[in-house]
Amino acid sequence: MKKNSILWIFSHSTYLERYAGLIEDLKKKQIDTKILLSVSDSDININQIILKYKKLEIKIFKHNEKLYFWEQVLNYSRIKTNLNLSISFKERYEFIVLPLRNIIDGFLKDKNKNGWRIAVSRVPSRYKFHLLIHAVGNRYLHNFLHFLAFKYFIRDKHLYKLIKEQPEEQIFFTYQGPQAETNALIRICKSLNKKVIFVQHNWDNLSSKELLYLKPDILGVWSYQCMIHATTVQQIHENSIRILGNYLIDQHLDFIEQNYLRHEGYVLYLGD
């Protein structure tokens, strides 16, 4: 392994664009940084993005849709069986069961044999997998589903091969909730004896979006509050947590300092 070298994995080109400046800063500090970028069929501008950042060492790999589906199902089933960990989990669960309630309401309103078909047809297709989640929300079924999924589905042979080929022993991953690579990446790194570091991307990653099943070696968070979320909600030991600050806000502050500090009357609003 080269000294001061890391591999950074991005699950979407959006995150590459947001952290490209950080990668460039690392290279200026003589930290050799290579990039693996997940690409899906919807990334229509990927060639332009790679051309834009041609100075960075980027390899692409195909987004695993099947793995992403299982990550979503398993995550929501974990949330359902751990609603006590976060108020946000309870709110997210309400969102999960809403399509089911729509079906029940539709059946009650139209009690003929086609009532359930009509109700199901009103549920957006992207929400229908939530019904599966609700069905497997029983704790025993949930545990059995996890056993099957991690034995047969939570695997990415192509990603495994790519990481194995890289000499870097420190793997960084921009973490922003349930993604196709989340648990598969942790499994891969542990099997290859490589250290995996998750870097928090959104403010609510740790308190509302996902309940991590496998834990990274290191979790980089924005603030002390985020560290509390990581320990109480995600149940990650504080020795495995580092408060890094927020690189994205640093970019905003740099922009303000360069363009607006000489004026008065400006208010910075960072919303979501």
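**View 1. A side chain of S208 meets the backbone of D204.** A polar atom in the side chain of S208 sits 3.2 Å from the backbone oxygen of D204. Keep in mind, as you look through these views, that this is a predicted model. S208 belongs to helix α10, which covers residues 205-209. Is S208 buried or exposed? With a relative accessible area of 8%, S208 is buried, because buried means under 20%. Which residues does S208 touch, if we leave out those up to four places away in sequence? They are I79, S88, F89 and R92.

**View 2. Strand β6 is covered on both faces.** Strand β6 is made of residues 218-221, so here is a short stretch that you can follow residue by residue. On one side you will find I218 and G220, and on the other L219 and V221. All of these residues are buried.

**View 3. β6 has a parallel partner in β5 and another in β7.** Begin with β5: three bridges join this strand to β6, and the two run parallel. To find one of these places, look for F198, whose bridge partner in β6 is L219. Now turn to β7, which pairs with β6 over three bridges, again in the parallel sense. L219 is useful here too, with I241 as its bridge partner in β7. How does the chain cross from β6 to β7? The path goes through α11, and this β-α-β crossover is right-handed.

**View 4. The rings of W8 and F172 form a stacked pair.** The structure holds six aromatic pairs, and this view picks out one of them, W8 with F172. A pair of aromatic rings is described by two things, the distance of the centres and the angle of the planes. For W8 and F172, the centres are 5.1 Å apart and the planes meet at 25°. Why is the pair called stacked? The angle of 25° is the reason, because planes under 30 degrees apart count as stacked. W8 lies in strand β1 (residues 5-10) and F172 in strand β4 (residues 170-175), so the pair ties together parts that are 164 residues apart in sequence. Both W8 and F172 are buried. Step back a little to see the cluster, in which ring pairs link W8, F10, Y19 and F172.

**View 5. N193 and Q235 have positive phi values.** Neither residue is a glycine, yet phi is near 60° for N193 and near 55° for Q235. Where does N193 lie? Look in the loop between α9 (182-191) and β5 (195-200). Q235 is found in another stretch, the loop between α11 (224-232) and β7 (241-243). N193 counts as exposed because its relative accessibility is 69%, over the 50% cut-off. Q235 is exposed as well, with a relative accessible area of 54%.

**View 6. The whole chain puts the close-ups in context.** Along its 272 residues, the chain has 12 helices and seven strands. Buried residues make up 46% of the chain. Among contacts with a separation of 6 or more, 67% are between residues 24 or more positions apart. How much accessible surface does the chain have? The total comes to about 15,700 Å², and carbon and sulfur atoms account for 54% of that surface.

How values were computed:
Residues numbered from 1 in each chain as written. Predicted model: local features only at pLDDT ≥ 70, side-chain atom pairs only at ≥ 80, totals over all residues. Heavy atoms only, no water. Helix = DSSP H or I, 4+ residues; strand = E, 2+ residues; numbered from the N terminus. Buried < 20%, exposed > 50% of the residue type's maximum accessible area, 1.4 Å probe, protein only. Polar contact = N/O pair within 3.5 Å; in protein donor to acceptor, adjacent residues only side chain to side chain. Contact = heavy atoms within 4.5 Å. Phe/Tyr/Trp six-rings, centres within 6.5 Å; stacked < 30°, edge-to-face > 60°. Areas by Shrake-Rupley, 256 points an atom, 1.4 Å probe, with all protein chains shown as cover. Pairing = 2+ DSSP bridges. Right-handed = clockwise from strand over helix to strand, strands pointing away.
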